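Okay, thanks for making time, everyone. I'll put a model up on the screen and then talk you through what I noticed.

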Amino acid sequence: MVKLPSEIVARLRALYDGKRVCVTGGAGFIGGHLVDALLALGAQVSVIDDLSTGDLDALAPHLEVSPDQLSFVNGSILDDAALRDALKGVSLVFHLAAVGSVPRSMENPARSWDVNATGTMRVLEEARRAKAKRVVFAASSSAYGDTPTLPKVETMPTRPMSPYAASKVAAEALMASWCRAFGLDTVSLRYFNVFGQRQKADGPYAAVIPVFARRLLAGERPVIFGDGQQSRDFTFVANAVLATLLAGAHDGALAGEVINVGAGTRTTLIELAHELAEACLSDAGQSIAREPEHRAARPGDVMHSLADISKAQQTLGYRPVIGLKQGLAETIAWHREALKTSR
Ligand SMILES: NC(=O)c1ccc[n+]([C@@H]2O[C@H](COP(=O)([O-])OP(=O)(O)OC[C@H]3O[C@@H](n4cnc5c(N)ncnc54)[C@H](O)[C@@H]3O)[C@@H](O)[C@H]2O)c1
């Protein structure tokens, strides 16, 4: 399980022990870590995932060791029968299934819309039918678009710049309206650039941290598009999982609210490349290619992103528990191991 302070674990265990929950997209990167944590806290977990980008690697050991605590539906949230099966008897739904990535949505906007918007509506309808109490949704910081104001506060207008962002903003509206119209408690957590162990490094849609990590570990220079002064709020997966667990366990209504989930600090890509190079060194003491290679800036890239996390702090009692350095060190250590076993 992602490492969380013991007093938080004790508090969460009291809230999750024996609770029946569903995680859509539970075979994915963040979903897999969330499932690990829920199982460790004693919850009864049902996962639905079509394995389009997720895989069973993280879930397989649990399915073998704790078959009574975890069930897996290999299916799509667009398939009513599969969804009904996964949501049967649950009181809480963590809805993470999605077609992620902005570039992927530019290639196939209809697919992003179907899964991320229509799929969310299906999940809400099925949650209502199952008489679940709450749906916690994995929304995205891409909702803010390219507005220059920093930090991003939930009260700012949304400005989706891609079909992916639009589908996530539409899903937030569905979440809020299902609360107002049907009394189903919902909350949308806008995750900011989540990274950590098990995040995919291969393929054209991989995120920057796993891509940099693999290049550095292969002795190659990380590639930065532009001058590297673009900045992001990189959020270690343990922090994102913590906020998600706090939202699921929150006492009282969350009433369709949107809440930022980030680290609350921003790091430029140049700084990130150096931090990662440091993490590679301290992990193994070997010399690595440190200086990033610069290529032409990509049009459409958002320049800066930073979460204001006061609402998450005030509403959920969330504060990041693992800093960037430690998160990067754990991520590098995982990639190093993964490379060894794949050889
Ligand atoms: N990783 C980030 O930085 C980040 C940032 C903002 C928001 N999010 C959101 O968080 C969630 C999890 O992201 P992730 O990074 O773990 O991505 P991921 O691709 O690893 O996880 C998504 C999971 O959903 C599954 N899935 C896709 N379509 C499905 C369908 N039709 N039915 C059932 N399952 C389906 C995939 O197989 C995968 O396991 C997503 O909703 C994503 O949009 C992620």
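I'll start with the overall fold, then go to the ligand, and finish with one pair of strands and one residue.

Quick housekeeping: this is a predicted model, so local features need pLDDT of at least 70 and side-chain atom pairs count only at pLDDT 80 or more, while totals for chains, interfaces and linings use all residues. Residues are numbered from 1 along each chain as its sequence is written.

So, the overall fold. The chain has twelve helices and 13 strands; those are DSSP runs numbered from the N terminus, H or I of at least four residues for helices and E of at least two for strands. Its C-alpha atoms fit a box of roughly 55 × 45 × 40 Å along the principal axes. The radius of gyration, taken over C-alpha atoms, is 19 Å, which agrees with the value near 20 Å for a compact globule of 343 residues. That rule is 2.2 Å times the number of residues to the power 0.38. Buried residues are 50% of the 343. Buried means 20 or more other C-beta atoms within 10 Å of the residue's own, with C-beta atoms placed from the backbone; 12 or fewer is exposed, and in between is partly exposed.

Now the ligand. Which residues come closest? Gly25, Gly28, Gly54, Ala98 and Ala138, out of 29 that surround the ligand; being near means a C-beta atom, placed from the backbone, within 6 Å. Helix α2 (29–40) is among the elements that supply at least two shell residues, along with β2 (44–49), α6 (109–129) and β5 (134–140). The largest share, three residues, is from α2.

Next, the strands. β2 pairs with β3 (residues 70–74) in the parallel sense over five bridges; pairing takes at least two DSSP bridges. Between β2 and β3 the chain goes through helix α3 (residues 60–65), a right-handed β-α-β crossover. Right-handed means that, with the strands pointing away from you, the path from the first strand over the helix to the second runs clockwise.

Last one: alanine 138, which sits in strand β5. Is alanine 138 buried or exposed? Buried, because alanine 138 has 28 C-beta neighbours inside 10 Å. Leaving out residues up to four places away in sequence, alanine 138 touches Ile30, His95, Leu96, Ala98, Leu189 and Tyr191, where contact means C-beta atoms, placed from the backbone, within 7 Å. And remember, Ala138 was one of the closest residues to the ligand.

Definitions and conventions:
Contact = placed C-beta atoms within 7 Å.
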